[in-house]
Amino acid sequence: MKPNSSKPIFLTQFLIEEQRSAGKIKPDLRLLLEVVARACKRISIAVGKGALGGVLGDAGTGNIQGEAQKKLDVISNEILLEANEWGGHLAALASEEMDHPHPIPEQYPKGGYLLLFDPLDGSSNIDVNVSVGTIFSVLKVPEGVTQASEADFLQPGVQQVAAGYCVYGPSTTMVLTLGKGVHQFTLDRELGSFVLTQRDMMIPADTKEFSINMSNQRFWEAPVQRYIDECVAGKDGPRGKDFNMRWVASMVADVHRIITRGGVFMYPLDSKTQAQGGKLRLLYEANPMSFIIEQAGGAATTGRERILDIKPGKLHQRVPVIMGSKNEVDRVTQYHG
Ligand code: P6P
C-alpha cells in the first residue's frame, strides 16, 4: 500500500487495513488512535492561532515537573482528556501535566488500553513560534486488572502496542508505529484529514548531524564529552568528517528531523540533572520515541542500557536519552563502557 497522491490513503483507511491484515490491531486500538488523531487536529488549530487565539503565555500554574504551565499546555491536556473519556477504549490516562493517572468517569465504559502523553512537548517554544508537538504511548491494561492504578502504567517500553507523535510545524505531521514499521501522515487542512505521506520510514545508520544542548557541556560525563569533542574536531579529528549541529529544544521537532534524515539526539545524564535521573521523562517521552526510532532501524539507549528494557519505578521517572542513527548511538554507548 504505497502513498499515492492521485488516490490519497487517509489515516482511517490505513488503520482499518491494519486491523484487517492478520488482526494486527484490534478495533478498540483503531478507535483510540483515531480519537488521538482528532485531538491532535484540535491542538494544531489552537496552536496555529498563535497570538490571535489569546492563549499564548503562562497559565499561572505549575505541573508535577515543577515547570510553569503554558496556557496551551493546559488546553492541550484538556483536549486529550475530553476526547478519550467516552470512547470505551481506555482504562485510564496519564499525562506529563497531571500528578496522577486520570480515571475514566463512572458514566463511561472502560476499555483495555492505557494512554500516556505529553500533550504539548516543547511548549516553552510556543511564544516564539517554534515547532512543538504531542507525544503519545499506548499500553495494554495488565491481565485481570479491572480498576487501573498508577502501578499498571509502570511497564517497560517493550510492552507498548502503539506510539506516535504529532509535530505542529510548517505542516502538522503525525508519525505512528503499531510495531510494524513507522509511517507518516500529513494533515490536509482543507479536508481536515491525515493523509499517508510516507510508509516504512528508515533512519540512516550513519550521520553527520548531532543534536544536543551544548550549554550543558561542562556538566556532561566523560563519554559524552569525548563523543562531542570528536564530532566538533571534524574531518581533521578522529572521526575524519565534519559534523553539523541542530537543537530545536522541542524533542518532537528534533526527533522528527532524525527520523526524516538521520542524526543523533542526546539529552544525556549530567551533573545538573543526575539527582532526578535525567531530564526527559521515560513513560511519555523516551519510551514512545524509542519505540518509533527502533522501528525505523535506529537505536535508543541511556548510554548504558536500552531504553525500552527499563522497568519504570514511578510514573514521572526521568532518564538520560541518546537516540537516532544506529552506528552513532552504538558508538556513544560503547564509550560508556
Ligand atoms: P533544554 C522541552 O521542554 C523538553 O522536554 C524537550 O522537548 C526538549 O528536547 C528539552 O526539554 C529541551 O531542554 O534544557 O534544552 O531547554
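Begin with the largest pocket of this predicted model. Domain 1 (11–198) and domain 2 (209–336) both contribute residues to its lining, so the largest pocket lies between the two domains.

**The two domains.** Colour residues 11–198 and 209–336 separately, following the domain assignment of the chain. The C-alpha centres of domain 1 and domain 2 are 23 Å apart. In the contact between them, 47 residues come from domain 1 and 31 residues from domain 2.

**The largest pocket.** Return to the space between the domains, where the largest pocket holds about 420 Å³. Select E67, G122, S124, A249 and K279; among the 26 lining residues, these are the closest to the centre of the pocket. Next, display β2, β5, α5 (251–261), β13 (264–267) and β14 (280–281), each of which supplies at least two residues of this lining. Coloured by class, the lining of the largest pocket shows eleven charged, eight nonpolar and seven polar residues.

**A249.** Keep A249, one of the residues closest to the centre of the largest pocket, and inspect its backbone. A249 is not a glycine, yet its phi is positive, at about 70 degrees. This residue sits in the loop between β12 (244–245) and α5. Is A249 buried, partly exposed or exposed? Its relative accessibility is 38%, so A249 counts as partly exposed, since that class lies between 20% and 50%.

**D200.** Move to D200, in the loop that runs between β10 (193–198) and β11 (209–211). D200, also not a glycine, has a positive phi of about 55 degrees. With a relative accessible area of 42%, D200 is partly exposed.

**Helix α3.** Select residues 71–85, which form helix α3. At 1.5 Å a residue, its 15 residues should span 21 Å, and the end C-alpha atoms are indeed 21 Å apart. Show the side chains of L72, D73, S76, N77, I79, L80, L81, A83, N84 and E85, which are buried. What covers these residues? The cover includes α2 (27–48) and the strands β2 (68–70), β3 (90–95), β4 (102–103), β5 (113–121) and β6 (132–140).

**The second largest pocket.** Finish at the second largest pocket, with a volume of about 250 Å³. Of its 15 lining residues, select V47, G48, N129, V130 and Y168, which lie nearest the centre. Helix α2, part of the cover over α3, gives the most to this lining, with three residues. By class, the lining of the second largest pocket comprises seven nonpolar residues, seven polar residues and one charged residue.

Terms used: Residues are numbered from 1 along each chain as its sequence is written. This is a predicted model: local features need pLDDT of at least 70, side-chain atom pairs count only at pLDDT 80 or more; totals for chains, interfaces and linings use all residues. Side-chain values use heavy atoms; hydrogens and water are left out. Helices (H or I, at least four residues) and strands (E, at least two) are DSSP runs, numbered from the N terminus. The expected span of a helix is 1.5 Å times one less than its number of residues. Buried means under 20% relative accessible area, exposed over 50%, partly exposed in between (1.4 Å probe, protein chains only). Contact means heavy atoms within 4.5 Å. On a 1 Å grid over the protein atoms alone, a cavity is a set of points where a 1.4 Å probe fits but cannot get out, and a pocket is an open set with protein on both sides within 12 Å along at least five of seven lines; lining residues have an atom within 4 Å of a point. Grid points are joined across faces, edges and corners, and a volume is the space filled by probe spheres set on the points. Ala, Val, Leu, Ile, Met, Phe, Trp, Tyr, Cys and Pro count as nonpolar, Asp, Glu, Lys and Arg as charged, and the others, Gly among them, as polar. Domain bounds come from an automatic or database domain assignment.
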